[in-house]
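Let's walk through this structure together, one question at a time. Have a look at it first.

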Amino acid sequence: MKHLEEYRDAGRARALAAEIARTVTRPWRIMEICGGQTHAILRFGIDQLLPPELELVHGPGCPVCVTPLELIDRAIELAHTPGAVLASFGDMLRVPGSKTDLLAARAAGARVAMVYSPLEAVRLAAQKQDQQIVFFAVGFETTVPGVALAVREARRLGLRNFSILSAHVLVPPALRAILGSPQSRIQGVLAAGHVCTVEGYEDYEPLAADFGVPVVVTGFEPVDLLQGILLCVRQLEQGRAEVENQYARAVRREGNREAKALVREMFEPVDRKWRGIGVIPSSGLALRPAWREFDAEARFALSTGAVAEASECISGLVLQGAKKPYECAAFATRCTPERPLGAPMVSSEGACAAYYRYGRHHV
Amino acid sequence: MCLAIPGEIIEITGGDPLTRMARVSFGGVVREASLAYVPEAKPGDYVLVHAGFALQTIDEEEARRTLELIAQMGGAEEDGAS
Amino acid sequence: MSDFALSCPAPLAQHDRVLMAHGGGGRLMRELIERMFAARLDPQHETDAATLALGGKRLALTTDSFVVRPIFFPGGDIGSLAVHGTVNDLAMAGAEPVALSAAFILEEGLEMETLSRVVDSMAEAARRAGVRIVTGDTKVVERGHADQLYITTTGVGVLIHDGELAPWRVTEGDEVVLSGDIGRHGMAVMSAREGLTFDSEIVSDSAPVHREALGLLSSGIRVHCMRDLTRGGLASAVIEIARAARARVELDETRIPVREDVRAACELLGFDPLYVANEGRFIAFVAEGDGERAAALLPGGAVIGKVKETGSGVVTLRSLIGAERVLDLLSGEQLPRIC
């Protein structure tokens, strides 16, 4: 596959790893933001090719992991509501809410439909006019443009039976919160390549300056990650703190103008609770008043009120990169992919699930 | 997050910009994707597709430059020709 | 022979209902089999088919149920699958398949035309595999109680060689041979599922493999254990044998054949080809030195790994870029993802 397999080439990977080893002269801690990057690092064993001085810390870029319990509970409530169908990406189906998850809810009679694209949910609504189709809109900035277009399409088609339950979250506020935390020892950042495909990377320039941290926009294949790490390490060794773009084939500095414009027209920032972390101001997205009729929280009377996390779950610390999954007392014992205590163990790219699956039970 | 895969536009269907769709080939597997956010894309272009939406066209020149840069950075070994 | 289980199987308390994952070929299914069934019934463990000595003859017996959706998919249907699956399980035990039974559970409202197509397909598959479907059963349930139709086939065969094919025969130095490229069946079925449609030429690999498998034995390859790949894919099959054999197995990802379009389809849905279902492939653990010869006897065959030592059952994979990672069972089926 063109533009993909070239970046899985063993020769290129090993050559970059060797160059990284030659460049590093002291310990550095780098955070990769995106869960997909974490997954690739562990799946291909990239961290094993790196010199021991380099520590990779995994960031909160797993929208599934950070969706608050309350929203999952609301999604399940909707799935149980007579006449309603909850349409969701596959990713969310096994994530536990406070009592159960969407798949188990389906086993108990709830109506849950798995979709691959928000447009499919709209098509479903067009086909089944006697049912309320609610789309569980999860995802970072990468996914929002598609959801925006789907809502717009629903309006164009005059659908009265389509709405979204928005769980969308934004990367820059979370990154600022993490870097600004007094416990943060993160020295360099690999920014999420696909988020930047949409948003560009102008937003990271003030972050790099404020915190003195180099930010390298990085792709998802092993060679991309290694090149991104090399660029980051070079900056660190040279004492620079700039924003660089490794993923130039897919990312432009200003991002995708059309996508950004439509998203800003239809959505506004709201405070959002991040599972395991807490409320981060202006870090979520909700439909603007002109589009509020498509907001499931406005259309349905859903239970409100906060829900407490399982006390053993330290997902917040894992998501902030402060702890590794195996440092959790429950890791691989009371918390496994079959019986997860928190989202990072369930999400296909949650750090805990990745560590479990790829056998990283210790340093 | 954000599983997005590069594919080649085979054929464009549908009229106005926001409903423009295309058949995109991913290594021989063809799937439909919305081109609403890449209005300038044409058949033969590679686009990055996420959840049924093309988010950006792949810049062939940048791709070539990236691979060249990688070769310089690492002094790439002989195995790994593509 | 135990009259009752001495150790009460731990109740599957955290799941008070059966989930789809319990049928997914992964960890949850293993748990269900072990705690619900194996602990209470008295099956021969860890083999696809049971071997029985009856009146001087050594026979193999196996059964399998088929609930695939959609029932027609590129390269096959539930009928041909039902024949191939059971024929292959017999072959994995080293038995020449002789006869099958076929039990049908039909949903009220199923079109006769559909049933006709399925049965014709079974007849053709049986003929090509050289087996007879000699007996069967038919039940009809109310609309909504069976997803069009379910088929269960039970097969009996005659063991063609003296030794036993089982995990306990796996030993240090054994080579792991794979009979062909992986992932076709799972992705062919995916491509036909509603809402997920993509056009491709991926066709299920559903096929009888007894001639190839038994051919290894009759060519003098020292086969220790064989398993056909089904749900859960290549990874699950290797892991199950490794655990049962308490063998440390090292696989090399660069030697595992995957077609480009199957790889692409996996990328699209976020699947790992190692865990995607197959229906016409098997692995054989053969004695050190026999690997290349065995692979050459199998069209598309390849030596994909080695048993490093025995003592603990772990499977590791050398990735495309040369680093090693542990392979584990998934909890359930892979779900398409966008993250």
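What follows is a short conversation about a predicted model.

Student: Is chain A as compact as a globular protein of its length or not, and what is its radius of gyration?
Tutor: Happy to start there, and remember that this is a predicted model. For 363 residues the globule rule gives 21 Å, and chain A comes close to that, so it is as compact as a globular protein of that length. The radius of gyration of chain A is 20 Å.

Student: How many helices and strands does chain A have, and what box do its C-alpha atoms fill?
Tutor: By element, chain A has 15 helices and 11 strands. Taken along the principal axes, the box filled by its C-alpha atoms is roughly 65 × 45 × 40 Å.

Student: What percentage of the residues in chain A is buried?
Tutor: Here a residue is buried if 20 or more other C-beta atoms lie within 10 Å of its own. Applied to the 363 residues in chain A, that gives a buried share of 62%.

Student: Which element gives the largest share of the side of chain C that touches chain A?
Tutor: The contact takes 26 residues from chain C and 37 residues from chain A. On the chain C side, helix 1 (27-38), helix 7 (260-269) and strand 14 (324-327) each give two or more residues. With three residues, the largest share comes from strand 14 of chain C.

Student: How does that side of chain C divide by class?
Tutor: The side of chain C that touches chain A has six polar and seven charged residues. Its nonpolar residues number 13.

Student: Within chain C, which element gives the most to the side of domain 1 that touches domain 2?
Tutor: The domain assignment gives domain 1 (56-159) and domain 2 (167-327) of chain C, and their centres are 24 Å apart over C-alpha atoms. In the contact, 20 residues of domain 1 meet 22 residues of domain 2. Helix 2 (78-92) and strand 5 (95-107) of chain C each supply at least two residues of the domain 1 side. With 10 residues, the most comes from helix 2 of chain C.

Student: Why is helix 2 of chain C described as largely enclosed, and how many of its residues are buried?
Tutor: The burial count gives the reason: every residue of helix 2 of chain C is buried, so the rest of the structure largely encloses this helix. The count of buried residues is 15 of the 15.

Student: Which residue with a positive phi follows helix 2 of chain C?
Tutor: Just look past the end of helix 2 of chain C for a phi near 85 degrees. The residue is Gly94(C).

Key
Residues are numbered from 1 along each chain as its sequence is written. Chains are lettered from A and ligands numbered from 1 in the order in which they are written. This is a predicted model: local features need pLDDT of at least 70, side-chain atom pairs count only at pLDDT 80 or more; totals for chains, interfaces and linings use all residues. Two residues are in contact if their C-beta atoms, placed from the backbone, lie within 7 Å. Helices (H or I, at least four residues) and strands (E, at least two) are DSSP runs, numbered from the N terminus. Ala, Val, Leu, Ile, Met, Phe, Trp, Tyr, Cys and Pro count as nonpolar, Asp, Glu, Lys and Arg as charged, and the others, Gly among them, as polar. The radius of gyration is taken over C-alpha atoms; the globule rule is 2.2 Å times the number of residues to the power 0.38. A residue is buried if 20 or more other C-beta atoms lie within 10 Å of its own, exposed if 12 or fewer, and partly exposed in between; C-beta atoms are placed from the backbone. Domain bounds come from an automatic or database domain assignment.
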